[in-house]
Amino acid sequence: MVNARLSRRAALRGGAGVLLGGASLGVLPLFGSPDRKQDPDSCRARDLSASQKRLVVSNWPAYIDEDDDGYVSTLTEFEQRTGIKVDYTADVNDNLEFFAKVVNQLGSCQPSKRDMFMLTDWMAARMIQVGWLQPLDRTKVPNLHANLIDSLKGVGWDPDRTYSAPWQSGLSGIAYNKSKVKEVRSFEELLSRPDLKGRISLLTEMRDTMGLTLLSQGADPSDFSGDEWDDAIDRLRKARSDGQIRAFTGNEYIQDLSAGNILACEAWSGDVAAAEDENLVFVSPEEGTMIWSDNMLVPNLATHQGNAEKWIDYYYEPEVAAKLAAYVWYICPVKGAQEAMEKVDPTLVDNELIFPTAESLKTMHSFMALEEFQIRAYEGDFADVIGG
């Protein structure tokens, strides 16, 4: 169970600066190339769902429950109920890395050989903008529109959830080892407290780390100016040059935090819950937390869209959503799942890392949608700092 709950956000170790710098600057600008844009209405395949009971899905690692010693997973139950055979692959290790796998196909209206993949908000938004995704038939995903929690409705990049269905959401905040250090309450403390110098880590995900840095500087991550960005990147650069930051990492920080190699860090909520280490404490920083979602998306030329829509509708049943949430420990996007959790695992009903309260939601922030020139500039700035 512990292994099953490892973060889906595991980043590639080694060359993190190269990944964020080289990949983001060398690959992402292709979004803006006119010849890469597509018309979803004309770049679509005939749906073979009626005759082919098959579905090809790409997702992040350790992001779904698995069959185990009498436990029947939600995926197996879906197959048994629908007769659809799911070819499920955990090959989304990073948004940019996965983008590189499909950019040539989707950018030239060629099949990606997938019926669905899960990507984070900002990447989903970019794919919608360039026309690489198929709209979902609202009549075939009624549970999505009936049961999506209110906080995930009306997002600016897909206001009616025409193209996207949240799979899971999570929080970016801070964590500390209470057996090694006194309480850490704010992100600014991570960047400045003398007793933490050289013993903290931050994340390689630009939107998470810079979102919290912007908050620490009094700016709104969902609506900030160029000057506010400059102030935030300068603050991060100073913390790096002062020796406050030991490393920028993916979710391997959990091992270092448990071992005491680092005392506190920027962290994802699901990682801390999954570690099942009583000494590790996840904290919503005083400045606020960053919230993100990974979304189910149907790419152009998918040949089993109808089957994909059955999958979406199935996972928006509260009982199914509760069973999945009990396994992965991320924020559940489905109304009614909290009540359904009473039968799945009553100990999780009031767990705010899975079911945030209305009050806690007020402290959560999303990252601003970026224009192409901003992506290039901001990813470049961030890469310079973390590679420094």
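This passage describes the overall form, the domain interface and the salt bridges of a predicted model.

The secondary structure of the protein comprises 15 helices and ten strands. The radius of gyration is 20 Å, and the globule rule gives 21 Å for 388 residues, so the protein is as compact as a globular protein of that length. Along the principal axes, the C-alpha atoms occupy a box of roughly 65 × 50 × 35 Å.

Two domains are assigned. Domain 1 covers residues 54-163 and 298-316. Domain 2 covers residues 170-291 and 372-386. Each domain is thus listed as two segments of the chain. A distance of 29 Å separates the C-alpha centres of domain 1 and domain 2. Four residues from domain 1 and four residues from domain 2 make the contact.

The size of an interface is often expressed as the accessible area lost when the parts come together. Between domain 1 and domain 2, about 430 Å² is buried. Carbon and sulfur atoms account for 44% of that area. On the side of domain 1 that touches domain 2, the residues divide by class into one nonpolar, one polar and two charged. Charged residues are therefore present on this side under the classification used. Even so, zero salt bridges are found across the interface of domain 1 and domain 2. The search for polar contacts across the interface likewise returns zero residue pairs, with both residues required to be at pLDDT 80 or more.

Side chains of opposite charge can pair when their charged atoms come close. Over the whole structure, the search finds 15 salt bridges. One of these joins the side chains of D91 and R114, with an N to O distance of 3.0 Å. This value falls within the 4 Å cut-off for a salt bridge. The two residues are 23 residues apart, and the pair links distant parts of the chain. D91 sits in the loop between β2 (85-89) and α3 (95-107). R114 sits in the loop between α3 and β3 (116-120).

Notes: Residues numbered from 1 in each chain as written. Predicted model: local features only at pLDDT ≥ 70, side-chain atom pairs only at ≥ 80, totals over all residues. Heavy atoms only, no water. Domains from an automatic or database assignment. Contact = heavy atoms within 4.5 Å. Buried area = accessible area lost by both parts, 1.4 Å probe. Polar contact = N/O pair within 3.5 Å; in protein donor to acceptor, adjacent residues only side chain to side chain. Helix = DSSP H or I, 4+ residues; strand = E, 2+ residues; numbered from the N terminus. Rg over C-alpha atoms; globule rule 2.2 N^0.38 Å.
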